[in-house]
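Student: I'm new to this one and would love a guided tour. Could we take a look together?
Tutor: Happily! Here it is.

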Amino acid sequence: MPITKISHFFLSLSILFSIFFLLSTLASSSSSSSYIHAQPSGKTRSLYSEILRDEAVERLYELGKVSDSDGYLERTFMSPASVRAGLIIREWMEDAGLRTWVDSMGNLHGRVEAINASAQALLIGSHLDTVVDAGIFDGSLGIISAISALKVLKSNGKLGELKRPVEVIAFSDEEGVRFQSTFLGSAAVAGVLPVTALKISDKSGVTVQDALKGNSIEIAEESLLQLKYDPASVWGYVELHIEQGPVLEWLGFPLGVVKGIAGQTRIKVSIRGSQGHAGTVPMSLRRDPMAAAAELIVLLESLCKHPRDFLSDCGNCNEFTIESLSSSLVCTVGEISTWPSASNVIPGKARNSAKKSQYKPEREC
């Protein structure tokens, strides 16, 4: 990871401290106010540094070594590395004084109850799966920072004095690498994951339901529906996440606050042509799907860079919509393959996968 990214990570640790102080405000004892606002003693500052900085960084690097691949970090939904990572995180949760369990979508939960058992809960967390060749802070930072903050409260004897429950969730899937279906874990908790998602297959023909069953997790339609959290039971959700893009660094800002959600759409495109010998079929008689795929990729790139040029005649698009797309739409073709994929054969078929993301402004939320 570049030095600039590392420096921004350490700056983001200040948010970890902020999460700790947010949790501290939930302590119900009369002494909590003076505890929060008083100047920390040398011993307290040492505790902050030891748990919130030193141990947190050590754990990030430890989790970064838990991978299904040699030489780079990769953890996909219900893979052996994801299961091992979950076991490690569960130990850390229990070390921080949390009651733990794994739900039927593989999400790992750690919760501490409050004096007022009926109070709405504060949820904190992130995802434990990764992309291929991932950075060690992606997802893990949000989980470890929450656990570290709660561990300090336990060490200070404040964990049992919370005004409302706090629950840390390590979501089983956010990236969607294995099944090309993002947010399996959080969508289940939000109650928006369709039952049909259980039948989605990976490249080996293993379904989501099979992957869960292979890890001794039984799930059916009824148990999936039961995963939904009642919105009335949730006070709020907080997630610390390293920026995966260059915008903050480019602007010179160490930290940013999320104001909206980037929705994702993933599509697979198959183009059929006419397979033939690369050395004998004249160019004028070719129907090369690879060339067509290249043209489509360039067209998609142009559309996402300059959506106004393509939507100027759109009768249903107002100026705000076009302006929003112009500043937030991104598109990526990250995968392409041909058949039969030989250097001396004009392909008969080309396939590519594309991903579209758009930030949804607050005005549209």
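Student: How many helices and strands are there in the protein?
Tutor: Keep in mind as we go that this is a predicted model. Of its 365 residues, 41% count as buried. As for the elements you asked about, the protein has 12 helices and 10 strands.

Student: In what order do the strands of the open sheet of five strands lie?
Tutor: The pairing in this open sheet is mixed. β1 (99-102) and β5 (234-238) each have a single partner strand, so they stand at the edges, with one side of each left without a neighbour in the sheet. From one strand to the next, the twist averages 20°. Reading across, the order is β1-β2-β4-β3-β5.

Student: Which residue in β2 is the bridge partner of Thr-100?
Tutor: Let's start with the two strands: β1 pairs with β2 (residues 108-112) over four bridges. Their pairing is in the antiparallel sense. Within β2, the partner of Thr-100 is Gly-110.

Student: Which strands does helix α5 touch where it packs on the sheet?
Tutor: Good place to look, since two helices can be followed here. Helix α4 (residues 80-95) lies across β1, β2 and β4 (166-171), and runs at about 0° to β2. Helix α5 (residues 140-155) packs on the sheet too, its direction making about 155° with that of β4. The strands α5 touches are β2, β3 (121-127) and β4.

Student: Is the crossing of α4 and α5 left-handed or right-handed?
Tutor: The two helices pack at an angle of about 25°, with their axes 9 Å apart. Angles under 35 degrees count as roughly parallel, so α4 is roughly parallel to α5. Ile-89, Trp-92 and Asp-95 are among the α4 residues that meet α5, where their counterparts include Ile-143, Ile-147 and Lys-151. The crossing is left-handed.

Student: Does Lys-151 count as buried or exposed?
Tutor: Lys-151 sits in helix α5. Leaving out residues up to four places away in sequence, it touches Ile-51, Glu-55, Arg-59, Asp-95 and Ala-96. Its relative accessibility is 13%, and the cut-off for buried is under 20%, so Lys-151 counts as buried.

Student: Which side chain does a polar contact of 2.9 Å join to that of Lys-151?
Tutor: Look to α4, which has Asp-95 among the residues that meet α5. Lys-151 is one of the α5 residues on the other side of that meeting. The polar contact of 2.9 Å joins the side chain of Lys-151 to that of Asp-95.

Terms used:
Residues numbered from 1 in each chain as written. Predicted model: local features only at pLDDT ≥ 70, side-chain atom pairs only at ≥ 80, totals over all residues. Heavy atoms only, no water. Pairing = 2+ DSSP bridges. Axes fitted to C-alpha atoms, helices over the stretch in contact; angles between N-to-C directions. Contact = heavy atoms within 4.5 Å. Buried < 20%, exposed > 50% of the residue type's maximum accessible area, 1.4 Å probe, protein only. Polar contact = N/O pair within 3.5 Å; in protein donor to acceptor, adjacent residues only side chain to side chain. Parallel < 35°, antiparallel > 145°, perpendicular 65-115°, else oblique. Left-handed = near helix turned anticlockwise from the far one by under 90°.
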